[in-house]
Amino acid sequence: MLGPLHGYAIATRIRERSDGALLVEEGALYPALHRLEARGWIDAEWGISATNRRARYYSLTGDGRRRLKAETASWRRYVSVVEKVLAPGEA
Amino acid sequence: MPLPPGVRPDPWPPPDSRRRAAIRAEIEFHLQSRIDELVARGWTPAAARSEALRQFGALEPVEQACHLIGRKRERRMRRLVFWRDWHLDLRYALRGIRQSPVLAVTVVVTFALGIGANAAVFGLVDAVLLNPLPFAHRDRLVRIWEENRREGHTFGTREQ
């Protein structure tokens with residue numbers, strides 16, 4: 001699993017892995033992170049970045065890890081069901 | 001855990017200005033990191049800054065949204081702390097009662113007698129002085145008496 005990451009690293013990672021299709025405006029990431037923190041799914045802590053600046057580092061909590069697992073499973077189920085519905089010539 | 005003399009704990013919840021400053025610092029770190037990256041790839045600092053801002057999108061709504069989320073969270077935590085303290089106080093009180101039951105009984109009896117005496121006296125005063133008399137047209141009630149001036153007798157009720 002990932003260690004603590006700051007928002008910039010998370011944004012960069014999402015952008016790279018999605019070829020820029022997700023997170024069109026990077027700013028939108030921050031309210032999402034703060035909401036996850038308020039729900040207790042991630043923890044935030046101030047630390048010093050590799051570039052020697054103060055940054056806010058986020059890490060998954062135990063609750064967050066469980067939630068992520070559940071949401072991932074539910075997402076995969078959803079995708080596979082939609083895939084079946086859309087598959088041509090089988091209905 | 002006592003703090004060293006002269007050291008005050010951080011105010012809780014933090015004032016709005018402090019929360020806003022923290023959010024701005026977090027956003028500023030993001031922008032600075034992006035600028036560093038672009039400058040390393042040969043952008044001029046000014047162009048890098050405007051490109052970083054463009055990629056980030058509007059600042060104000062992001063800051064405001066984070067601010068509101070944080071404030072709501074702190075309020076919820078404050079409520080939780082309040083009820084936890086309330087629960088601890090209650091347990092503390094119950095422990096005290098269990099440790100000195102005689103004192104507790106004395107206090108309860110004192111309260112009971114005090115409240116009871118008050119209620120009784122008030123009930124009496126209420127019935128005799130405060131409540132109107134239970135008759136129809138009570139404003140037309142009259143008092144009648146007769147006087148024998150020569151003998152000095154009075155019959156019927158009359159204030160002396």
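The following exercises, each with a worked solution, concern a predicted model of two chains, A and B.

Residues are numbered from 1 along each chain as its sequence is written, and chains are lettered from A, with ligands numbered from 1, in the order in which they are written. Because the model is predicted, local features need pLDDT of at least 70 and side-chain atom pairs count only at pLDDT 80 or more, whereas totals for chains, interfaces and linings use all residues.

**Exercise 1. Architecture of the chains**

Task: Determine which pattern of helices and strands each of the two chains follows.

Solution. Step 1: Helices (H or I, at least four residues) and strands (E, at least two) are taken as DSSP runs, numbered from the N terminus. Step 2: Chain A holds three helices and three strands, in the sequence pattern β-α-α-β-β-α. Step 3: Chain B has four helices and two strands, and its pattern is α-α-α-α-β-β. Step 4: For burial, a residue is buried if 20 or more other C-beta atoms lie within 10 Å of its own, exposed if 12 or fewer, and partly exposed in between, with C-beta atoms placed from the backbone. On this criterion, buried residues make up 18% of the 91 residues in chain A, while 9% of the 160 residues of chain B count as buried.

**Exercise 2. The sheet of chain A**

Task: Establish the strand order of the sheet in chain A and explain why strands 1 and 2 each have one side without a neighbour.

Solution. Step 1: Two strands pair if DSSP finds at least two bridges between them. Step 2: The open sheet of three strands in chain A has the order 1-3-2, with antiparallel pairing. Step 3: Strand 1 (5–6) and strand 2 (42–48) of chain A stand at the edges and have a single partner strand each, so one side of each is left without a neighbour in the sheet. Step 4: Strands 2 and 3 of chain A run antiparallel and are joined by seven bridges. Within this pairing, D43(A) has S59(A) as its bridge partner in strand 3, and E45(A) has Y57(A). Step 5: The hairpin of these two strands has five residues between the strands, and N52(A) takes a positive phi near 65 degrees there.

**Exercise 3. Helix 2 of chain B**

Task: Identify which residues of helix 2 of chain B are buried and describe where they fall around the helix axis.

Solution. Step 1: Helix 2 of chain B (residues 45–56) has twelve residues and reaches 16 Å from its first C-alpha to its last, close to the expected 16 Å; the expected span is 1.5 Å times one less than the number of residues. Step 2: A48(B), A52(B) and F56(B) are the buried residues of this helix. Step 3: Seen down the helix axis, these residues fall within an arc of 70 degrees, so they line one face of the helix; the arc is that of the directions from the helix axis to the C-beta atoms. Step 4: On the other side, A46(B), S50(B) and R54(B) are exposed. Step 5: The buried residues pack against helix 1 (16–40) and helix 3 (59–99) of chain B. Step 6: Just after the helix, G57(B) takes a positive phi of about 90 degrees.

**Exercise 4. The interface and the nonpolar core**

Task: State how many residues of each chain are in contact across the interface and which element gives the most to the largest nonpolar core.

Solution. Step 1: Two residues are in contact if their C-beta atoms, placed from the backbone, lie within 7 Å. By this definition, 17 residues of chain A are in contact with 20 residues of chain B. Step 2: On the chain A side, helix 1 (7–17), helix 2 (29–38) and strand 3 (54–60) give two or more residues each, and helix 2 gives the most, with five residues. Step 3: A nonpolar core is a set of buried Ala, Val, Leu, Ile, Met, Phe, Trp, Tyr and Cys residues joined through C-beta atoms within 7 Å. The largest has 15 residues, of which L29(A), Y30(A), L33(A), I42(A), I27(B), V62(B) and C66(B) touch the most other members. Step 4: Helix 2 of chain A gives the most to this core, with four residues. Step 5: Leaving aside residues up to four places away in sequence, L33(A) touches G7(A), I42(A) and Y58(A).
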